[in-house]
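Student: Please take me through the surface and the side-chain contacts here. Keep it brisk.

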Amino acid sequence: MVTQDELNEKGKAAVMDFDGDVVAEIAEECISAGLDPIDLIQNGFTAGINEVGTQFEQGSLFLPHIIAASEAMSAGVEVLTPVLENLSAQAEDKGTVAIGTIEGDIHTIGKDIVATMLKVAGFNVIDLGRDVPIADFVEVVKEKKPAIVGSSALMTTTMVLQLQVEEQLKEAGVRDTVKTMVGGAPVTQDWANRIGADIYAENASDAVVKCKAAFE
Ligand code: HCB
């Protein structure tokens, strides 16, 4: 019987091989072996895509490789999503979180994982999508009154727009009605402190823990 660590290693390798069919098979294996899909996403698939990102940065891989790796990862996440949604149906209602990838940024994988994990934990999630105009973050706070509004930024160039979310919420007079959460690879606790965001989440598990704490 395969162990979680072995499966995670296989998942990482398959993402790095850009092989969506094998990634999907590994996801199926996870379900049939009764292993943890969240562990596989975080410590298998995500580890693989981060390694591809590192090799891209070092110049040994190129953009088509990143596209292929993200498609391979998505094939696995797609297989695991119904299992995760089933878990979310069993969780008690914890309140509403709106989340989106910020204006100018089309990276969705991390935001989608955070959204799925929050659903699994019992939050009602409003997914704003990607490349979300700052005005839409403000609008959703006014209209839907979520307890938390989260933004995801994967680039140093788009991360700066998280400050705009803070400022435009203040200008609209609704900053005090909501907690803000920021995340994404270049985002840090220090950045969150500097812009006045309430929550910094390093990864999806951290987002769940901190969103739960915000409701207590
Ligand atoms: Co993209 N890309 N990319 N990319 N990409 C990065 C982000 C670079 C760092 C790669 C590099 O240079 N080393 C880089 C950004 C550099 C910078 O900071 N300036 C980069 C670049 C430059 C670009 C393009 C401009 C490339 C080009 O066209 N020349 C272009 C961007 C266009 C645009 O957005 N306008 C681009 C495109 C792409 C895709 C489309 C090929 C693909 C995205 C596919 C998709 O998302 N549907 C992609 C990918 C996959 C990456 C890397 C390799 C991986 C990102 C990822 O999915 N990680 C990334 C390198 C890297 O980050 N290491 C690279 C896995 C997820 C699970 O991690 O950090 O997103 P995560 O999310 C975590 C965590 O941060 C937290 O929880 C998540 C789950 O644990 N979290 C939150 C995330 N959001 C949160 C929000 C919250 O409120 C709370 C917590």
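**Surface and contacts**

Student: Is Glu 28 buried, partly exposed or exposed?
Tutor: Its relative accessible area is 45%. Buried is under 20%, exposed is over 50%, and partly exposed is in between (1.4 Å probe, protein chains only). So Glu 28 is partly exposed.

Student: What kind of model is this?
Tutor: Residues count from 1 along each chain as its sequence is written, and side-chain values use heavy atoms, without hydrogens or water. Local features need pLDDT of at least 70, side-chain atom pairs 80 or more, while totals for chains, interfaces and linings use all residues, as this is a predicted model.

Student: Where does Glu 28 lie?
Tutor: Glu 28 belongs to a helix spanning residues 20-32. Helices (H or I, at least four residues) and strands (E, at least two) are DSSP runs numbered from the N terminus. Glu 28 thus sits in helix 2.

Student: Which residues make up the negative surface patch?
Tutor: Patch members have over 30% relative accessible area and no salt bridge; like charges join within 9 Å, nonpolar side chains (Val, Leu, Ile, Met, Phe, Trp, Tyr) within 5 Å. Asp and Glu count as negative, Lys and Arg as positive, His and chain ends not at all, with charges placed at Asp CG, Glu CD, Lys NZ or Arg CZ. The patch holds Asp 17, Asp 19, Asp 21, Glu 25 and Glu 28.

Student: How much accessible area does the nonpolar patch have?
Tutor: Phe 56, Leu 63 and Ile 67 form this patch. Phe 56 lies in helix 3 (residues 37-57) and is partly exposed at 37%. By Shrake-Rupley with a 1.4 Å probe, with only the protein chains shown as cover for residues, the patch has about 270 Å².

Student: How many salt bridges are there?
Tutor: Each needs a Lys or Arg side-chain nitrogen within 4 Å of an Asp or Glu carboxyl oxygen. Lys 10 and Glu 29 are one such pair, at 3.0 Å from N to O. The count is six.

Student: How far apart in sequence are Lys 10 and Glu 29?
Tutor: Lys 10 is partly exposed at 37%, and Glu 29 is partly exposed at 25%. Lys 10 lies in helix 1 (residues 4-16) and Glu 29 in helix 2, so their salt bridge ties together parts separated by 19 residues.

Student: Which residues share a network with Lys 111?
Tutor: Lys 111 is buried, at 3% relative accessibility. Its closest N to O approach to Asp 112, a salt-bridge partner, is 2.7 Å, and Asp 112 is partly exposed at 31%. Lys 111 also bridges to Asp 127 at 2.9 Å, linking helix 5 to strand 2 across 16 residues. Shared partners join Lys 111 into one network with Asp 112 and Asp 127.

Student: What kind of aromatic pair do Phe 123 and Phe 215 form?
Tutor: Rings of Phe, Tyr and Trp (its six-membered ring) pair with centres within 6.5 Å; planes under 30 degrees apart are stacked, over 60 edge-to-face, the rest tilted. The count here is one pair. Phe 123 and Phe 215 have centres 5.3 Å apart and planes at 50 degrees, which makes the pair tilted.

Student: How many residues separate Phe 123 and Phe 215?
Tutor: Phe 123 is buried at 4%, whereas Phe 215 is partly exposed at 34%. Phe 123 is in the loop between helix 5 (109-120) and strand 2 (124-132). Phe 215 is in the segment after helix 10 (204-214), and the separation is 92 residues.
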